[in-house]
Amino acid sequence: MSQQKVVLLLGSNLGEQKKNIDLALQKIRDAGNKISQTSEYLMSDPVEFASSNIFCNIATIIFTHLSPIQLLDCIKNIEVEMGRINDSKVSGGYTDRIIDIDIIKYNELNFKSERLEIPHKKHLFERDFSRVLLKDFI
Ligand SMILES: Nc1ncnc2c1ncn2[C@@H]1O[C@H](COP(=O)(O)OP(=O)(O)OP(=O)(O)O)[C@@H](O)[C@H]1O
Ligand SMILES: Nc1nc2c(c(=O)[nH]1)N=C(CO)CN2
């Protein structure tokens, strides 16, 4: 498969958030993906749920040989390897997390299934922190 351009958004609000994000980027690279650009780190209060743990978020553009579902499996494995316990869909709401990796865009693909929806509409249209990070990447 030829390389596909993908936009990811990463977030962490537990432990050393920036280090968690840097480790996740390294793991994305180690899985064979090319990190092409990364945004600034942006610190913000949690939106859509209450917690006193501040978030650090970044956006990144990667080039990948993985299909959308293979990429979802890849990022979910990284989340579990790094100690993420709760999937928001399974636990029925947002909770603090050591790492969260979301697929925002995959080329110009529009895709919707039980497990995966691309583009990620909440990050693209509903969250101020995401809009700031994604403004030069979309
Ligand atoms: N574009 C996407 N990127 C990542 N996961 C997705 C996407 N679309 C659907 N999902 C599904 O969402 C499930 C819940 O993921 P997760 O716990 O990371 O949600 P979240 O990032 O906290 O919430 P939100 O997606 O609303 O920001 C995943 O198991 C995955 O199957
Ligand atoms: N500041 C901030 N708030 C959030 C975030 C996030 O990454 N950063 N992610 C959420 C669900 O994915 C819900 N709320």
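Select ligand 2 to begin. In this predicted model, ligand 2 sits in the largest pocket.

**Stop 1: the residues around the ligand**

Keep ligand 2 selected and show its neighbours. Which residues are around ligand 2? Start with the run Ser44, Asp45, Pro46 and Val47, which are among them. Add Phe49, Phe55 and Asn57. Then add Tyr94, Arg97 and Asp100. Arg127 and Phe129 complete the list.

**Stop 2: polar contacts**

Now look at individual atoms. Pick Ser44 and show its side chain. A polar atom of that side chain lies 2.9 Å from a nitrogen atom of ligand 2.

Move to Val47. Here, look at the backbone rather than the side chain. A backbone N or O atom of Val47 is 2.7 Å from a nitrogen atom of ligand 2.

Next, select Arg97. An N or O atom in the side chain of Arg97 lies 3.4 Å from an oxygen atom of ligand 2. How much of ligand 2 does the protein cover? On its own, ligand 2 has 330 Å² of accessible area, and the protein covers 97% of that.

**Stop 3: Glu48**

Return to Val47, one of the residues around ligand 2, and then select Glu48. Glu48 is found in the loop between β3 (42-44) and β4 (55-64). Check its backbone angles. Phi of Glu48 is near 70 degrees, a positive value in a residue other than glycine. Is Glu48 buried, partly exposed or exposed? Glu48 counts as partly exposed because its relative accessibility is 41%.

**Stop 4: Asn107**

Jump along the chain to Asn107. This residue is in the loop between β5 (100-106) and β6 (111-112). Asn107 also has a positive phi, near 45 degrees, and is not a glycine. Its relative accessibility is 30%, so Asn107 counts as partly exposed.

**Stop 5: a cis peptide bond**

Select Ile118 and Pro119 together. Show the bond that joins them. Is the peptide bond from Ile118 to Pro119 cis or trans? That bond is cis, with omega near -5 degrees. Where does Pro119 lie? Look in the loop between β7 (117-118) and α4 (121-126).

**Last stop: confidence**

Colour the protein chain by pLDDT. The chain averages a pLDDT of 96. Of its residues, 100% score at least 70. For the model, ipTM is 0.98 and pTM is 0.98. Keep one rule in mind for any predicted model: where pLDDT is low, the coordinates should not be read in detail.

Notes
Residues numbered from 1 in each chain as written. Chains lettered and ligands numbered in written order. Predicted model: local features only at pLDDT ≥ 70, side-chain atom pairs only at ≥ 80, totals over all residues. Heavy atoms only, no water. pLDDT = per-residue confidence, 0-100. Helix = DSSP H or I, 4+ residues; strand = E, 2+ residues; numbered from the N terminus. Buried < 20%, exposed > 50% of the residue type's maximum accessible area, 1.4 Å probe, protein only. Near = heavy atom within 4 Å. Polar contact = N/O pair within 3.5 Å; in protein donor to acceptor, adjacent residues only side chain to side chain. Areas by Shrake-Rupley, 256 points an atom, 1.4 Å probe, with all protein chains shown as cover. 1 Å grid on protein atoms, 1.4 Å probe; cavity = no way out; pocket = protein on both sides within 12 Å on 5 of 7 lines; lining within 4 Å. Sits in = over half its atoms within 2 Å of the grid points.
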